[in-house]
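Biologist: I am new to this structure and would be grateful for a close look at a single part of it. Could you please take one pair of packed helices as the starting point and describe what lies around it?

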Amino acid sequence: EATVVVDRSASGVATVRIDRPDALNALDLPTKVALRDALAEVAADDGVRCVVLTGTGRAFCVGQDLREHVANLTAGSGELSTTVADHYNPIATTLATMDKPVVAALGGVAAGAGMSFALAADFRVMAESASMTTAFAGIGLSCDSGASYWLPRLVGPARAKDLLMFPRSVPAQECLELGLATHVVPTDGFDAAVAELADRLAAGPTLAFAAIRHLVADGPVSTLADALAAEGASMRTTGATQDHRDAVEAFVAKERPVFHGR
Ligand code: T3D
């Protein structure tokens with residue numbers, strides 16, 4: 001039975017939903033493979049102009065399935081040494097680098113690699129009742145799936161180390177104050193808030209959004225000269241798009257721009 005479900009809307013939003021609610025959407029091997037492959041598929045699909053990552057039920061995703069993990073440790077399985085390279089890293093990379101905006105929709109708790117995946121998104125919409133915990137050190141692990149990359153960028157190195165060394169459930173409102181969440185919404189309005197944001201992103205200038213993702217990712221590790229050069233290259237690319245031409249014509253005509261993502 002599929003544990004990752006993909007829904008495509010007419011507006012160009014693909015919702016990738018981890019669907020193991022009884023296990024709080026913990027990542028067992030079939031789920032990791034399905035998630036990796038589903039994300040690669042929507043990333044490559046030009047008809048998809050925004051991706052939402054979410055989970056069924058009361059959790060977003062609680063990271064590695066620890067029951068499976070214990071069974072693997074007991075069996076001395078080789079899978080333990082390869083799953084970061086085979087599953088976690090490709091998932092984190094696709095989320096962070098695909099050429100379209102990504103929204104993480106946290107209706108409930110995100111833990112471990114589940115939290116790392118959420119951090120790779122451009123926007124994190126949290127229900128008021130949701131939370132995040134790094135979890136890793138609680139079971140004697142360091143961290144993976146980009147936590148060490150995103151946390152210092154979002155909250156600074158000192159807070160990143162506090163969150164990683166003393167894992168705790170950080171409630172949604174505090175996530176917003178720390179800069180871990182971008183939106184906190186009432187739990188009963190959660191689905192509508194996610195859909196509104198995703199539809200707005202899917203109706204945007206997709207190629208410009210892709211360029212913005214890459215520029216902002218590279219900005220903090222660039223020299224000013226390199227950042228200016230990369231911006232110049234992106235301005236040439238986005239300046240040659242149909243969306244740009246249509247939107248400036250709409251501006252001059254005092255009309256609302258309509259973007260087609262090309
Ligand atoms: O190489 C490798 O494979 C390593 C890769 C690692 C990547 C990682 O993601 S490591 C981090 C793994 N995740 C965790 O350590 C999180 C563990 N879970 C928790 O800390 C808490 O459960 C939560 C804070 C997420 C939620 O707490 P709460 O109080 O809302 O729920 P609960 O009662 O703790 O859990 C409910 C059930 O879910 C419970 O099972 P039960 O008693 O109802 O049968 C619990 O065992 C189960 N559960 C929670 N997390 C996991 C899990 N089962 C398997 N795997 C989990 N990750």
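Modeller: In this predicted model, helix α4, which covers residues 113-120, packs against helix α5, residues 147-155, at an angle of about 55°, and their axes are 9 Å apart. At that angle, α4 is oblique to α5. The crossing of the two helices is left-handed. On the side of α4, the contact is made by M115, S116, L119 and A120, and on the side of α5 by A147, W150, L151 and L154. Sorted by class, the residues of this contact are seven nonpolar, one polar and no charged.

The surroundings of α4 deserve attention as well. Eight of the eight residues of α4 are buried, so the helix is largely enclosed by the rest of the structure. These residues are A113, G114, M115, S116, F117, A118, L119 and A120.

M115 of α4 also leads to a strand. T133 lies in strand β8, residues 131-133. T133 and M115 are 18 residues apart in sequence, yet their C-alpha atoms are 6.8 Å apart in space. Leaving aside neighbours within four places in sequence, T133 is in contact with M115, and also with A111, P167, R168, S169 and V170. T133 counts as partly exposed, because 19 C-beta neighbours lie inside 10 Å and a buried residue would need 20 or more.

One of the partners of T133 is S169. S169 is found in the loop between α6 (157-165) and β9 (170-171). Residues up to four places away in sequence not counted, S169 touches V109, S131 and T133. S169 is exposed, with 12 other C-beta atoms within 10 Å. From S169 one may also look towards S234, which is 65 residues away along the chain; the C-alpha atoms of the two are separated by 39 Å.

S234 belongs to a second pair of helices, as one of the residues of α10 in contact with α9. The axes of α9 (residues 206-218) and α10 (residues 224-239) come within 10 Å and cross at roughly 175°. With that angle, α9 is roughly antiparallel to α10. The contact is formed by L207, A208, A211, L215 and D218 of α9, together with A230, E231, S234, T237 and T238 of α10. By class, the residues of this contact divide into five nonpolar, three polar and two charged.

The domain assignment provides the wider setting, with domain 1 given as 4-202 and domain 2 as 206-252. The centres of the two domains, taken over C-alpha atoms, are separated by 27 Å. Between them, seven residues of domain 1 are in contact with six residues of domain 2. The side of domain 1 that touches domain 2 has two nonpolar, no polar and five charged residues.

A further detail concerns the backbone in the loop between β2 (13-18) and α1 (29-44), where L24 is placed. Phi of L24 is near 50°, a positive value in a residue other than glycine. N25 is in the loop between β2 and α1 as well, and its phi is near 60°, again positive in a residue other than glycine. L24 counts as buried, with 21 C-beta neighbours inside 10 Å. N25 also counts as buried, with 30 C-beta neighbours inside 10 Å.

Notes
Residues numbered from 1 in each chain as written. Predicted model: local features only at pLDDT ≥ 70, side-chain atom pairs only at ≥ 80, totals over all residues. Axes fitted to C-alpha atoms, helices over the stretch in contact; angles between N-to-C directions. Helix = DSSP H or I, 4+ residues; strand = E, 2+ residues; numbered from the N terminus. Parallel < 35°, antiparallel > 145°, perpendicular 65-115°, else oblique. Left-handed = near helix turned anticlockwise from the far one by under 90°. Contact = placed C-beta atoms within 7 Å. Nonpolar A, V, L, I, M, F, W, Y, C, P; charged D, E, K, R; others polar. Domains from an automatic or database assignment.
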